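Student: I'd like to learn how to read strands, crossovers and cavities from a model. Could you walk me through one?

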Amino acid sequence: MRLLVFTKPFGAAQPGRLAEMVAATGADGADLVVRDGQSVTPGTAALLPVAARELAAAGVPLELVTTDFLTAPPTAPRPAARGAAGLVGPAGVGPRGVGPRSADGAASPTASATAPPYVPPYASPSAPSEVERVFGACAEAGVTLVRVGFYPYDPARGYRACLDDARRGLASLADLAARFGLRPLLQLHHQTIHPSAALALRLVDGLDVGVYADPGNQTKEGAEDWRMSLDLLGDRLAAMGVKNSAWNGSRVDWQPFADGGIVPWPEITRGLRERAFSGPLSLHVHYPSDDPVAAVSRDLAHLRGLVVEV
């Protein structure tokens, strides 16, 4: 397991400075947040390969990119090149077979070259080209794992309507990601229709989408036995977010990972080792800190101690 730093605490630092700060924490690599107010934004995708080069030079390669994208515009099929292994995707990225199918054998929803762009009812306006530029920048930088946004639950619309909208949006992202040789990841997150392993699996069924588990997020709406969560996800588990929380009266608040909390991380890291999980663990620091490098370093040292514990 490689220990990544979620770059949100470092804000809009220039790529070189960002690399210095991530390296100073003792991390193995970076989970780069592409968001307004960060080092790379959806509108500055050209900086993503720059950040990747700076991070690699500092010894902390970029291994995962986090976005807030909920849908992608339909794109015309790209010409496929023929190699020794048969048809391959753009720029020789991996073999491409038939599209994914759902559990009942029906074709999964995918973006169409002729269909109008799908816009979820809850999505804020954005330039469709931003998604393509960011995905293209990820491919250029050699990053294959890209976390997508969160699909909210709206009780006024009902779960099934929310699920249908989310399936269409996620399918369009999965289709675009495949064209760039990327694998999108869906994070378990509170206030969404994918807060648990079972609900996330229902959303990704039939799509080439991995799951980014997050036991800390799950404390915001209760809990799920981490063992059952891992059993359910199986090979879909591609990454895990790491954070902890504590009760503050009737509210659950984030707190330093090194201080413990509700999530039984010693048990979880032991379970991941027993399952031979080899994906990245991304450390998230969501609590306020005057010195983010010191805060991340302290939490990361605690996490590393748990991961290597015999």
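Student: Let's begin with strand β7, residues 183–187. How many of its five residues are buried?

Tutor: Bear in mind that we are looking at a predicted model. A general idea helps with any strand: in a regular one, the side chains alternate between the two faces of the sheet. In this case, four of the five residues of β7 are buried, so the strand counts as mostly covered, given that buried means under 20% relative accessible area.

Student: Which strand pairs with β7 over three bridges, and in what sense, if I start from residues 145–147?

Tutor: Those residues form strand β6, and β6 and β7 pair in the parallel sense over three bridges. To find the register, look for L145, which stands opposite R183 in β7. Between the two strands the chain passes through helix α4, residues 159–179, and this β-α-β crossover is right-handed.

Student: And what does β7 do with strand β8, residues 210–213?

Tutor: β7 and β8 also pair in the parallel sense, over three bridges. Here L185 stands opposite G210 in β8. Helix α5, residues 197–204, joins β7 and β8 in a β-α-β unit that is right-handed.

Student: Let's turn to empty space. How many cavities of 30 Å³ or more does the structure hold?

Tutor: The general idea is that rolling a probe the size of a water molecule over the atoms shows where empty space is left. In this structure there is one cavity of 30 Å³ or more. The largest cavity has a volume of about 40 Å³.

Student: Which residues line the largest cavity?

Tutor: The lining is made of A213, P215, Q218, W226, S229, L230 and M240. Two elements give two or more residues each to this lining: α6 (215–218) and α7 (226–233). The largest share, three residues, comes from α7.

Student: How do the lining residues divide into nonpolar, polar and charged?

Tutor: Five are nonpolar, two are polar and no residue of the lining is charged.

Student: One last residue: is N244 buried or exposed?

Tutor: N244 lies in strand β10, residues 244–248. Its relative accessible area is 3%, so N244 is buried. When you meet a polar side chain like this, a useful habit is to look for its partners. For N244, a polar atom of the side chain lies 3.5 Å from the backbone oxygen of G260.

Terms used: Residues numbered from 1 in each chain as written. Predicted model: local features only at pLDDT ≥ 70, side-chain atom pairs only at ≥ 80, totals over all residues. Heavy atoms only, no water. 1 Å grid on protein atoms, 1.4 Å probe; cavity = no way out; pocket = protein on both sides within 12 Å on 5 of 7 lines; lining within 4 Å. Points joined across faces, edges and corners; volume = space filled by probe spheres on them. Nonpolar A, V, L, I, M, F, W, Y, C, P; charged D, E, K, R; others polar. Buried < 20%, exposed > 50% of the residue type's maximum accessible area, 1.4 Å probe, protein only. Pairing = 2+ DSSP bridges. Right-handed = clockwise from strand over helix to strand, strands pointing away. Polar contact = N/O pair within 3.5 Å; in protein donor to acceptor, adjacent residues only side chain to side chain.
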